[in-house]
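Student: I have a model open on my screen. Can you show me how to read its strands and salt bridges?

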Amino acid sequence: MENSSCSREEKKMNQEVRLRFAPSPTGYLHIGGARTAIYNWLYARKTGGKLILRIEDTDAERSTEESIQGILDGLRWLGVTWDEGPYFQSQFGEEHRAAARKLLESGKAYKCFCTREELEKKREIAREQKLDFSYDGTCRKLSPAEVEAKEAAGLPYTIRLKVPEGDGAVVFEDLVYGRIEKKYADIEDFVICRSNGQPLYLLSNAVDDARDRISHVIRGQDGLANTPKQILIYQALGLPVPRFAHMSLTLDPKRAKISKRSHGELVAVHFYREHGFLPWALVNFLVLLGWSNPDSREFFSRDELIEAFDLGGIKRANSIFNVQKNDPKFITDPKAISMNAHYLREMPVEELEPYVVAELKKAGIWQPEFAAERRDWFLKTIDLIRSRYHFLTDFATLGRPYFADDFGIEEKALKKNLLKYPDLKEWLPLLADRFAALEDFSAAETERVIREVIEELDVKAGVIINGMRTAVTGQLKGAGMFEILEILGRQRVVDRLRRVVQFFT
RNA sequence: GGUCCCAUCGUCUAGUGGCCUAGGAUAUCGCCCUCUCACGGCGGAGACACGGGUUCGAGUCCCGUUGGGACUACCA
């Protein structure tokens, strides 16, 4: 009894679920990377496992501190939380080199003295003959004496892994793609260490994953082709092989992999942040790009998503992120916008509040009283105007007339709703007088007065109401007029209605 | 070129041999609501890449074709 419980305990330890997100800091966090991070995060949260963040910064030339910060900021903003790290791959160089030495000593790898020029030449020839070039094993056949002689001569060498010979194959069960088999014969003796002694990605990555006791590697499908090579490394090193789950890639409308180079800011997480996306809306959208729940649900709370997420729901086919370049109507994938708008109008207004506060502060129209004595009014205002907004930024732009007095008048609105009816010059101030005399400035009361005046003047309701709309908000469209009046309050409404005469010169 | 992966409305997707005259979402169009614009409601148009099998029956299984993608570095 005692024994079995002990081994069960051990088993449990070994089965601990550990995920990692391992970006290389060569630019901002883009939506492809974010999606990978989100899937790892979800799986960790679902299984009660850990998410490790590892920065793969061994490419010193391309890695930047700024980029590291950008990635961390992006993850934090999205709400992707990690349990360990960030670790930095560059700090484990000695460990990677030791692994290479070990492989060399155990005969699982060998020194290759072929120069780049020689290899390039062979590649060239193969290309001309329309043949496939994979390393021909020239140096694998070198005798110990030959190796010694070359080394003594000071010739630089790379280290290559000895891929097993024979008819065998590397086989693994991908959690998304199923059984994957790659014949040894189709894998060349690949380089694991550069001639300057620097270990290569395939090696470092495997060593790091083993050290961090990663149990599941969830990454882009572009890693699928490398997986057999990495498994060979694990095996040669005698390390446990993690489970792999490869996820479909995110393509642009032209079916090319999205990249910082060709899409710039449009695919950067910070672009969505700056353009008024709610982080959760973006997460929700990104998760659905290549994953779905059997019940076709589209909106998930954080807890619901963690509960519903599973690797089996990841699609094998790549999906297209429908970026709309230079589209006057959409700044990005319409579905992403629609989801953002959905959350904007459906989420509890108290949860939306801090985001709106931030926008108003950014725009310089924030008033401390909105969080104090006028907080009820503030929340009601947000609730009134949010149904026609798509982005958080709209609260500071389209919403400006509700929070500040210096707002502009839309050209079209001025012409269509005001100047077209010169009599408004008299009518609107008249309305202002009636409002001023009103005891109760409620939506119901203002509506009563307005209907009264319409009756007296015998004009079309729309002329008065839309004229007022433009007078008090500067806009052509917006919420119901009477609700707007009540929200704006008597003083503002009266002032704005009287001020309107200036436009009729 | 070689190796591997993939293939349902424009886009995201449901679908694991009969429930599919293929469902939902988004975008688009129309109608309703209406003081405008949204929201909301209702409705329209819109897909199983193609060809062979297997089967009583195929979007679903097999093969081929076509198309797309990834990988193919002393980058990560």
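Tutor: We take a strand pair, then the salt bridges. This is a predicted model, in which local features need pLDDT of at least 70, side-chain atom pairs count only at pLDDT 80 or more, and totals for chains, interfaces and linings use all residues. Residues are numbered from 1 along each chain as its sequence is written, chains are lettered from A and ligands numbered from 1 in the order in which they are written, and side-chain values use heavy atoms, with hydrogens and water left out.

Student: Which strand does E6 pair with, and in what sense?

Tutor: Strands are DSSP runs of E, at least two residues long; helices are runs of H or I, at least four; both are numbered from the N terminus. Two strands pair if DSSP finds at least two bridges between them. Here E6 pairs with strand E7 (residues 178–183), antiparallel, over 6 bridges. A hairpin of 3 residues connects E6 to E7.

Student: Which residue of E7 stands opposite Phe172?

Tutor: Ile180 does. Now look at the two faces of E6 (residues 169–174). Val170, Phe172 and Asp174 make up the covered face. Ala169, Val171 and Glu173 are on the uncovered one.

Student: How many salt bridges are there?

Tutor: A salt bridge is a side-chain nitrogen of Lys or Arg within 4 Å of a carboxyl oxygen of Asp or Glu. By that rule, the count is 42. One of them joins Lys257 to Asp222, with the closest N and O atoms 3.1 Å apart.

Student: Where do Lys257 and Asp222 lie?

Tutor: Lys257 is in the loop between strand E11 (250–251) and helix H9 (260–263). Asp222 is in the loop between strand E9 (216–220) and helix H8 (227–237). The pair therefore ties together parts that are 35 residues apart in sequence.

Student: Is Lys257 buried or exposed?

Tutor: Buried means under 20% relative accessible area, exposed over 50%, partly exposed in between (1.4 Å probe, protein chains only). Lys257 is partly exposed, at 48%. Asp222 is partly exposed too, at 44%.

Student: What does the salt bridge between Lys380 and Glu486 link?

Tutor: Its closest N and O atoms are 3.9 Å apart. It links distant parts of the chain: Lys380 is in helix H15 (residues 375–385) and Glu486 in helix H22 (residues 481–488), 106 residues apart.

Student: And how far apart in helix H20 are Glu452 and Arg448?

Tutor: They are 4 residues apart in H20 (residues 443–457), so about one helical turn separates them. Their side chains meet in a salt bridge at 2.9 Å, N to O.
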